[in-house]
Amino acid sequence: MSTLHLKSLEIALDAVLALGTPKLSFMATTFTPNAGTDQYFSDISAEVASGTTAVTLASVATTIDTGNARVEFDTADVSLSTITATTNKYCIWVDTGVAATSPVIATIDFAEGTLGPVAGTLAITVNAEGHFALKVT
Amino acid sequence: MALVVESTSQASVDNSASVTVTKPTGVEVGDLLLILSHGSATCTGFSTAYSANSLIVLYRIADSTDVSASNYSISHGGSTLSGAAAMLRVSGWVAGNPVYGSDSAPTVSQDLSDPVVFSETFTSARPSDNSLMIILASISSDSVSGSFSSYTVTSGESNPAWTEIIDVQIDTNTSASQAIFAAAYALTTNNSDISAWGVTGVGGTGGAADFFRANFVVINAPQSAQGTNALLSVSPTLFAPTGSAGAIGTNALLEVSPTIPTQSGKGISQTQWTSATKNTTTWTKTNKS
């Protein structure tokens with residue numbers, strides 16, 4: 001049976017995260033992610049949802065889930081206060097200090113669709129299993 | 001928290017440096033105070049929420065000084081340019097510029113007594129379950145009397161009830177020395193998208209053409225939003241290699257023929273010198289004669 005191996009996936013993901021500070025940006029509803037061309041934060045910065053700012057992720061964790069044969073990426077819940085914005089997805093990226101070298105890792109849709117806080121809190125309750133998982137098969 | 005217009009006030013004066021508006025009743029810390037006026041109106045402690053078409057909305061979040069204040073002085077940038085203004089005391093706001101959507105109608109110039117009907121296509125979402133809409137309008141001329149009416153907003157609901165706060169004529173010492181200033185608001189709990197707004201102004205004839213202007217502002221009640229994510233699960237694509245099993249491989253002799261380039265050369269023949277064989281004859285010395 002062909003398979004990737006969990007530990008190496010975890011190490012690889014940790015290596016990317018170690019390039020800088022993992023962050024999250026709320027994206028405009030008009031943003032359509034391109035897995036190929038959206039390589040660095042400089043490629044997507046113009047599409048950040050107006051009225052939002054990047055959030056430094058806390059409790060960043062990469063975990064091997066042997067039962068599901070995958071490496072999970074999880075963080076603490078995220079929130080911004082007194083925000084007026086419209087967004088339906090967010091990007092996870094690593095801030096190296098230079099936008100052109102800060103890699104974008106993932107773009108993830110909100111399960112609820114479009115969120116539109118008005119001078120309120122914009123929050124993400126992260127899925128119990130994390131933001132994303134890399135399976136080995 | 002829902003927006004509520006708790007109280008309003010208004011004032012007007014001719015050819016003055018400023019207009020003094022009595023504070024709306026019952027101001028409490030945290031209230032949103034709005035000043036609706038014309039031209040380049042300013043008031044100490046207030047920030048510009050929206051300005052276009054020589055019509056302006058100023059805002060301030062009330063603190064203890066507002067609770068104790070009696071009135072507000074609004075200037076229009078000149079010694080005789082004031083002026084008219086209306087104030088709203090709004091509860092339910094939290095912080096920052098409250099204007100969510102705004103629009104300004106193209107200026108209409110005419111010297112007729114016919115009504116000028118502003119009917120502006122404008123799209124604005126209303127994400128909250130209640131919103132405050134404001135229309136400001138003015139006519140400027142050197143000889144005009146008039147007023148505004150028929151405030152409207154088009155959305156998924158019927159036009160809500162509008163409260164006109166001010167509709168006055170003032171004299172200002174400018175080339176357009178007379179002006180009508182009007183402002184009205186409507187509160188609604190409908191959150192359907194807005195698609196148009198309008199107001200009707202009636203001026204007069206005589207002198208230079210009159211300039212009709214109107215602005216529209218939407219303030220949505222504060223609301224938070226919380227989302228969740230479905231786990232993004234990524235599976236790899238493992239490319240199956242081709243291979244064989246249980247066979248003994250052989251190789252055919254790889255025979256390589258060299259390529260030997262033709263060489264050009266030059267040879268020089270040397271004269272072969274050989275030692276002469278020494279004569280073995282025995283020579284006898286003869287005497288000299």
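The paragraphs below lead through chain B as a whole, one of its strands, a sheet shared by two chains, and a strand of chain A.

This is a predicted model, in which local features need pLDDT of at least 70 and side-chain atom pairs count only at pLDDT 80 or more, while totals for chains, interfaces and linings use all residues. Residues are numbered from 1 along each chain as its sequence is written, chains are lettered from A and ligands numbered from 1 in the order in which they are written, and side-chain values use heavy atoms, with hydrogens and water left out.

Chain B contains one helix and 18 strands, where helices (H or I, at least four residues) and strands (E, at least two) are DSSP runs numbered from the N terminus. Of its 289 residues, 42% count as buried, a word that stands here for under 20% relative accessible area, with exposed meaning over 50% and partly exposed lying in between (1.4 Å probe, protein chains only). The area that chain B exposes is about 15500 Å², and carbon and sulfur atoms supply 50% of it; such areas come from the Shrake-Rupley method with a 1.4 Å probe, and for residues only the protein chains shown count as cover. A contact means heavy atoms within 4.5 Å, and among the contacts in chain B between residues at least 6 apart in sequence, 80% join residues at least 24 apart.

Within chain B, strand β3 covers residues 32-38, and because seven of its seven residues are buried, the strand is largely enclosed by the rest of the structure. Its side chains alternate between two directions, with B:L32, B:L34, B:L36 and B:H38 pointing one way and B:L33, B:I35 and B:S37 pointing the other way, and all of them are buried. Two strands pair if DSSP finds at least two bridges between them. By that rule β3(B) pairs in the antiparallel sense with strand β5 (residues 55-61) of chain B over seven bridges, and here B:I35 has B:L58 as its bridge partner. β3(B) also pairs in the antiparallel sense with strand β7 (residues 82-91) of chain B, over six bridges, with B:L88 as the bridge partner of B:L34.

The next element brings the two chains together. An open sheet of three strands, with mixed pairing, runs in the order β5(A)-β8(A)-β17(B). At its edges stand β5 (78-83) of chain A and β17 (225-228) of chain B, each of which has a single partner strand, so one side of each is left without a neighbour in the sheet. Neighbouring strands of this sheet are turned by 10° against each other on average, direction ignored, where axes are lines fitted to C-alpha atoms, for helices over the stretch in contact, and angles run from 0 to 180 degrees between N-to-C directions. On the chain A side, β5(A) and strand β8 (residues 120-125) pair in the antiparallel sense over four bridges, and A:I83 stands opposite A:G120 in β8(A).

Elsewhere in chain A, strand β6 (residues 89-95) holds A:W93, and the strand is mostly covered, since seven of its seven residues are buried. From β6(A), A:K89, A:C91, A:W93 and A:D95 point one way, whereas A:Y90, A:I92 and A:V94 point the other way. Strand β1 (residues 21-27) of chain A pairs with β6(A) in the antiparallel sense over seven bridges, and A:M27 has A:K89 as its bridge partner. Five bridges join β6(A) to strand β7 (residues 104-109) of chain A, again running antiparallel, and in β7(A) the bridge partner of A:W93 is A:V104.

A:W93 itself is buried, with a relative accessible area of 4%. It is 72 residues from A:T21 in sequence, yet the two are 8.3 Å apart in space, C-alpha to C-alpha. Leaving aside neighbours within four places in sequence, the residues in contact with A:W93 include A:T21, A:F41, A:A54 and A:I105. The side chain of A:W93 also makes a polar contact with the side chain of A:S25 at 3.0 Å, a polar contact being a pair of N or O atoms within 3.5 Å, of which, within protein, one must be able to donate a hydrogen and the other to accept it, and residues adjacent in sequence count only if both atoms are side-chain atoms. In the same strand, β6 of chain A, lies A:D95, whose side chain has a polar atom 2.8 Å from the backbone nitrogen of A:G97.
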